[in-house]
Amino acid sequence: MKTASPNIRDIMATSTVIPVLTIQRLEHAVPLAEALVRGGLRVLEVTLRTSCALEAIRAMRAAVPAAIVGGGTLTRARDLSACAAAGAQFGVTPGLTAELIAAAAKSRFPMLPGIMTPTELIAARAAGFDACKLFPAQQAGGVGMLKALGGPFPDHVFCPTGGVTRANAVEYLALPNVLCVGGSWITPAAAMATADWTTIESLAREAAALHS
Ligand code: 3PG
C-alpha cells in the first residue's frame, strides 16, 4: 500500500528554499511567517524543538493564510498527530522508522521523510515515498551523494537539508533530483532573538531568488 502523500512533491515544488524554523517565543510566530512570506518563501517548516512549536504552527495557520506550514523534527507517531491537530499541512522527519511509516499511512499526513543512506532510501521507497529529505545533506556527502543516488534511483527527488547555505544552495538546486533545499540560514539566531524581521525578510528574498 502506498503511504506517501500524493502532494508532497507539489509542496516541495512551491518553493526552492524551505526555511527550517526554531521558534523560541510564541509571539514571534506570526511576524516571522509574515516576513518570510513577504520575502517570497511560502513553505515553512516549524521544528518541534521548542515548547511553543505546536502553538506557533496554529498561530501561523490562523494568521498567515499564504504560508504553507509544516511541522519538522517529527520522530514519533504522536508528533504527526499533534502537528496535524495544530493545522500543519505537511511533516518532515530527520529519519524514518517503522513507527513513523505506520503513522504516516494511518494519518495520510503528507510527509517528507529523512534518509541518509541507500538502504534507508530503499526502505522509504518500499513504504511508498518518492520524495525524501537528505539529512544531514552536507555531512552525508552533499552534491556528490545526490549525484550518486540519481544513478540507481533516477525517479526519486530530494530536499537536501543540513549544512545547506546561501553559498552552496545553488549547486544543490542545479541537480535534476533536487526540487528544493531546506536550511536555517534564513533565520539567524541573532535576528530571531531581536525580532529583526527586516533582516529575515531580506534573507528570504535573497533565498527566494536562488535558482540553478
Ligand atoms: C535541521 O533540522 O536542523 C536542519 O537540517 C537545518 O540544518 P542547518 O541549520 O544546517 O541549515
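This passage describes the strands, the ligand surroundings and some local backbone features of one structure.

The structure is a predicted model, in which local features need pLDDT of at least 70 and side-chain atom pairs count only at pLDDT 80 or more, whereas totals for chains, interfaces and linings use all residues. Residues are numbered from 1 along each chain as its sequence is written, and side-chain values use heavy atoms, with hydrogens and water left out.

Helices and strands are taken here as DSSP runs, numbered from the N terminus, with at least four residues (H or I) for a helix and at least two (E) for a strand. Two strands are said to pair if DSSP finds at least two bridges between them. On this basis, six strands make up an open sheet with parallel pairing, and their order is S5-S4-S3-S2-S1-S9. The edges of this sheet are formed by strand S5 (111-112) and strand S9 (181-183), each of which pairs on one side only.

Within the six-stranded sheet, strand S1 (residues 17-21) runs parallel to strand S2 (residues 43-47), and the two are joined by two bridges. Leucine 21 of the chain is found opposite valine 46 in S2, and valine 20 has glutamate 45 as its bridge partner in S2. S1 is also joined to S9, again in parallel, by three bridges, and proline 19 stands opposite glycine 183 in S9. S2 pairs in turn with S3 in the parallel sense over five bridges, with isoleucine 68 in S3 as the bridge partner of valine 43.

The cover over two of these strands was examined by relative accessible area, where buried means under 20%, exposed means over 50% and partly exposed lies in between (1.4 Å probe, protein chains only). In S1, five of the five residues are buried, and both faces of the strand are covered, with Val17, Pro19 and Leu21 on one side and Ile18 and Val20 on the other. In S3, five of the five residues are likewise buried, with Ile68, Gly70 and Gly72 on one side and Val69 and Gly71 on the other, which leaves both faces covered. Valine 64, found in the loop between helix H3 (53-63) and strand S3 (68-72), counts as buried because its relative accessibility is 6%. The C-alpha atoms of valine 64 and isoleucine 18 are 16 Å apart in space, and the two residues are 46 apart in sequence.

A further open sheet consists of three strands in the order S6-S7-S8, with parallel pairing. Its edge strands are strand S6 (114-115) and strand S8 (157-160), each pairing on one side only. Two bridges join S6 to strand S7 (residues 131-134), and these strands run parallel; isoleucine 115 stands opposite leucine 134 in S7.

The residues around the ligand, each with a heavy atom within 4 Å of it, are Val20, Arg49, Phe135, Thr161, Gly162, Gly163, Gly183 and Ser184. Polar contacts, which are pairs of N or O atoms within 3.5 Å, reach oxygen atoms of the ligand from several of these residues. An N or O atom in the side chain of arginine 49 is 2.5 Å from a ligand oxygen atom, a backbone N or O atom of glycine 163 is 2.8 Å from one, and a polar side-chain atom of serine 184 is 2.5 Å from one. Of the 310 Å² of accessible area that the ligand has on its own, 77% is covered by the protein, as computed by the Shrake-Rupley method with a 1.4 Å probe.

Phenylalanine 135 takes part in two further features. The charged end of lysine 133 sits over the ring of phenylalanine 135, 4.6 Å from its centre, under the rule that NZ of Lys or CZ of Arg is within 6 Å of the ring centre and within 35 degrees of the ring normal. The peptide bond from phenylalanine 135 to proline 136 is cis, with omega near -15°, and proline 136 is located in the loop between S7 and helix H7 (142-149).

Most residues other than glycine have a negative phi, and most peptide bonds are trans. Threonine 73, in the loop between S3 and helix H4 (77-86), has a positive phi of about 60° although it is not a glycine. Alanine 195, also not a glycine, has a positive phi of about 50° and lies in the loop between helix H9 (189-193) and helix H10 (197-208). Alanine 195 counts as partly exposed because its relative accessibility is 29%.

Definitions and conventions: Polar contact = N/O pair within 3.5 Å; in protein donor to acceptor, adjacent residues only side chain to side chain.
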